[in-house]
Amino acid sequence: MKNTDFEKKLKQLQLSKKSFVKLVGMPYQTLMNWKQKNETPVWVEPFLFYYEKNLAFDNFLRILNQYKIPKKN
């Protein structure tokens, strides 16, 4: 994944670079090094893919919970 694609994906996911590095537990400078190389590590694309899927799943669960019928004791 090219760095430009990475930055577009972060924007699409409304995820800042600082939030991303905090989420994955890496130094911010490492991310800045990717920009110089215009390349991201191979794990970044699948990570963002599953992050996006998780956001969609969380949203789906939020919608379902609106229609949840309380249990009777």
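Select Val21 to begin. Leaving aside neighbours within four places in sequence, Val21 is in contact with Met26, Pro27, Tyr28 and Leu31. Contact means heavy atoms within 4.5 Å. This is a predicted model: local features need pLDDT of at least 70, side-chain atom pairs count only at pLDDT 80 or more, and totals for chains, interfaces and linings use all residues. Residues are numbered from 1 along each chain as its sequence is written, and side-chain values use heavy atoms, with hydrogens and water left out.

**Stop 1: Val21**

Stay on Val21. It sits in helix α2. Helices are DSSP runs of H or I with at least four residues, numbered from the N terminus. Is Val21 buried or exposed? Val21 counts as buried, because its relative accessibility is 7%. Buried means under 20% relative accessible area, exposed means over 50%, and partly exposed lies in between (1.4 Å probe, protein chains only).

Now add Leu31. Val21 and Leu31 are 10 residues apart in sequence. Their C-alpha atoms are 7.4 Å apart in space.

**Stop 2: α2 against α3**

Select residues 17–24 for α2 and residues 28–37 for α3. Their axes come within 9 Å and cross at roughly 120°. Axes are lines fitted to C-alpha atoms, for helices over the stretch in contact, and angles run from 0 to 180 degrees between N-to-C directions. The two helices, α2 and α3, are therefore oblique to each other. Here are the angle classes: under 35 degrees is roughly parallel, over 145 roughly antiparallel, 65 to 115 roughly perpendicular, and the rest oblique.

The crossing of α2 and α3 is right-handed. A crossing is right-handed if the near helix is turned clockwise from the far one by less than a right angle, and left-handed if anticlockwise.

Which residues of α2 and α3 make the contact? From α2, show Lys17, Lys18, Phe20 and Val21. From α3, show Tyr28, Leu31, Met32, Trp34 and Lys35. Colour this contact by class: six residues are nonpolar, none is polar and three are charged. Ala, Val, Leu, Ile, Met, Phe, Trp, Tyr, Cys and Pro count as nonpolar; Asp, Glu, Lys and Arg count as charged; the others, Gly among them, are polar.

**Stop 3: α1 against α3**

Keep α3 and add α1, residues 3–12. The axes of α1 and α3 come within 8 Å and cross at roughly 130°. That makes α1 oblique to α3. Asn3, Phe6 and Glu7 of α1 meet Leu31, Trp34 and Lys35 of α3. This contact has three nonpolar, one polar and two charged residues.

Zoom in on Asn3, which lies in α1. With 3% relative accessibility, Asn3 counts as buried. Not counting residues up to four places away in sequence, Asn3 touches Trp34, Lys35, Asn38, Glu39 and Thr40.

**Stop 4: α1 against α4**

Hide α3 and select α4, residues 44–66. The axes of α1 and α4 come within 11 Å and cross at roughly 15°. That makes α1 roughly parallel to α4. The crossing of α1 and α4 is left-handed. Phe6, Lys9, Leu10 and Gln12 of α1 make the contact with Val44, Leu48 and Glu52 of α4. By class, the residues divide into four nonpolar, one polar and two charged.

Pick out Lys9, in α1. Lys9 counts as buried, at 18% relative accessibility. Apart from neighbours within four places in sequence, Lys9 is in contact with Leu48 and Glu52. Try a distance too: the C-alpha atoms of Lys9 and Asp58 are separated by 19 Å, with the two residues 49 apart along the chain.

**Stop 5: the core**

Which 11 residues form the largest nonpolar core? Select Phe6, Leu10, Leu13, Leu15, Phe20, Val21, Met26, Leu31, Trp34, Val44 and Leu48. A nonpolar core is a set of buried Ala, Val, Leu, Ile, Met, Phe, Trp, Tyr and Cys residues joined through side-chain atoms within 4.5 Å. The elements giving two or more residues to this core are α1, α2, α3 and α4.

Click Leu15. Leaving aside neighbours within four places in sequence, Leu15 is in contact with Leu10, Phe20 and Tyr51.

**Stop 6: two loops**

Go to Gln14, in the loop between α1 and α2. Gln14 is exposed, with a relative accessible area of 76%. Gln14 has a positive phi of about 55°, although it is not a glycine.

Finish at Asn38, in the loop between α3 and α4. Asn38 also has a positive phi of about 55° and is not a glycine. Asn38 is partly exposed, with a relative accessible area of 31%.
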